[in-house]
Amino acid sequence: MKKNCFKKSFELFGKFFITSLFTLGGGYAMVPVLKRKFSKYIDEEKFAEILSFAQSMPGPIAINLAILIGEQVIGFSGILLSVLGVLIPPVSIIILAGSIIGKYSAQLHGFFEGVYASIIGLVLGVLYSIMKIQRWNLLKVVILLASVLFAVFFRKFTIYIFIFLVGSFYYVKRINKDNKKW
């Protein structure tokens with residue numbers, strides 16, 4: 001039993017470390033990779049739930065995902081290993097790159113523009129996968145459209161829109177859950 005737990009711990013740390021090391025663009029760029037790497041432990045619906053929760057938590061999405069996936073797979077030790085796996089590569093790279101990039105910033109400009117374009121594609125892919133597994137009904141569509149319109153026209157009230165969205169989707173989920181009992 002302990003051998004299996006040690007193997008799982010090492011695998012968890014390794015997956016987060018490698019993903020963090022080779023994924024440029026931060027947490028949202030890591031989402032499709034993590035979804036694929038942890039499909040053996042977490043099904044698609046549970047991953048969508050974890051992602052939604054990670055997005056609503058304060059802090060970087062990569063750390064939030066590491067916390068939630070680590071807890072889901074192993075428990076408290078999984079949280080520690082996952083967070084370490086996510087943090088070690090970027091901190092090391094930032095220290096190293098900070099000393100080098102200042103000298104060669106003009107030559108690297110095109111590279112970073114290309115990275116930016118690929119990140120947009122990855123984020124749109126995540127949005128598509130979330131939208132695909134969502135169970136849509138008329139009320140959810142109206143809430144979403146109203147929220148987007150309010151966000152565009154009333155930018156100062158973004159936090160209130162966010163609270164409204166979370167409350168509305170919770171309410172809709174609660175209604176659907178209560179209706180299934182009947």
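Which residues lie nearest the centre of the largest pocket? Start the tour there. Keep in mind that this model is predicted.

**Stop 1: the largest pocket**

Select Ala-48, Ser-52, Ile-130, Gln-134 and Phe-169. These residues lie nearest the pocket's centre, out of 34 that line it. The space inside comes to about 1800 Å³. Now colour helix 3 (44–56), helix 5 (76–133), helix 6 and helix 7, since each of these elements gives two or more residues to the lining of the largest pocket. Which helix supplies the largest share of that lining? Look at helix 7, which brings 12 residues.

**Stop 2: the largest cavity**

Keep Ala-48 and Ile-130 selected. Both also line the largest cavity. Add Val-31, Lys-35, Glu-44, Phe-47, Leu-51, Ser-129 and Ile-133 to complete that lining. The cavity has a volume of about 60 Å³. The count of cavities of 30 Å³ or more comes to one. Helix 2, helix 3 and helix 5 are the elements that give two or more residues to the lining of the largest cavity. Helix 3 gives the most, with four residues.

**Stop 3: a salt bridge on helix 3**

Stay on helix 3. Select Lys-46 and Glu-49. Both lie in this helix, three residues apart, or about one turn. Here is a general point about that spacing. An α-helix has 3.6 residues a turn, so residues three or four places apart point the same way. Glu-49 forms a salt bridge with Lys-46, and the closest N and O atoms are 3.5 Å apart. Are these two side chains buried or exposed? Neither label fits: Glu-49 is partly exposed, with a relative accessible area of 45%, and Lys-46 counts as partly exposed at 26% relative accessibility.

**Stop 4: a salt-bridge network**

The count of salt bridges comes to four. Which residues are linked in a network of them? Select Glu-11, Lys-15 and Lys-40.

Begin with Lys-15 and Glu-11. Their side chains meet in a salt bridge, at 3.1 Å from N to O. Both residues lie in helix 1 (residues 2–22), four residues apart, about one turn of the helix. Lys-15 counts as buried because its relative accessibility is 15%, and the cut-off for buried is under 20%.

Next, follow Glu-11 to Lys-40. This pair also meets in a salt bridge, at 3.4 Å from N to O. The link joins distant parts of the chain: Glu-11 is in helix 1, while Lys-40 sits in the loop between helix 2 (27–37) and helix 3, 29 residues apart. Check the surface at Lys-40. It counts as exposed because its relative accessibility is 59%, and the cut-off for exposed is over 50%.

**Stop 5: helix 4**

Select residues 61–73. This is helix 4, with 13 residues. Draw a line from its first C-alpha to its last. The helix reaches 18 Å, close to the 18 Å expected at 1.5 Å a residue. Why is helix 4 largely enclosed by the rest of the structure? Of its 13 residues, 10 are buried, so the structure around it covers most of the helix. Highlight the buried residues: Ile-61, Ala-62, Ile-63, Asn-64, Leu-65, Ala-66, Leu-68, Ile-69, Gly-70 and Val-73. Then step just past the helix to Gly-75, which takes a positive phi of about 125°.

**Stop 6: the nonpolar patch**

Switch to a surface view. Select Val-148, Leu-149, Phe-150, Val-152, Phe-153, Phe-154, Phe-157, Ile-159, Tyr-160, Phe-162, Ile-163 and Val-166. Together they make a nonpolar surface patch of about 1200 Å². Helix 6 and helix 7 (158–181) each supply at least two residues of the patch. Pick out Phe-162, which lies in helix 7. At 39% relative accessibility, Phe-162 counts as partly exposed.

**Stop 7: Val-141 and Lys-8**

Finish on helix 6 (residues 138–153), where Val-141 lies. At 33% relative accessibility, Val-141 counts as partly exposed. Now select Lys-8 as well. How many residues apart along the chain are Val-141 and Lys-8? They are 133 residues apart, and their C-alpha atoms are separated by 40 Å.

Terms used:
Residues numbered from 1 in each chain as written. Predicted model: local features only at pLDDT ≥ 70, side-chain atom pairs only at ≥ 80, totals over all residues. Heavy atoms only, no water. Buried < 20%, exposed > 50% of the residue type's maximum accessible area, 1.4 Å probe, protein only. Expected span 1.5 Å × (residues − 1). Patch = residues over 30% accessible without salt bridge, like charges linked within 9 Å, V, L, I, M, F, W, Y side chains within 5 Å. Areas by Shrake-Rupley, 256 points an atom, 1.4 Å probe, with all protein chains shown as cover. 1 Å grid on protein atoms, 1.4 Å probe; cavity = no way out; pocket = protein on both sides within 12 Å on 5 of 7 lines; lining within 4 Å. Points joined across faces, edges and corners; volume = space filled by probe spheres on them.
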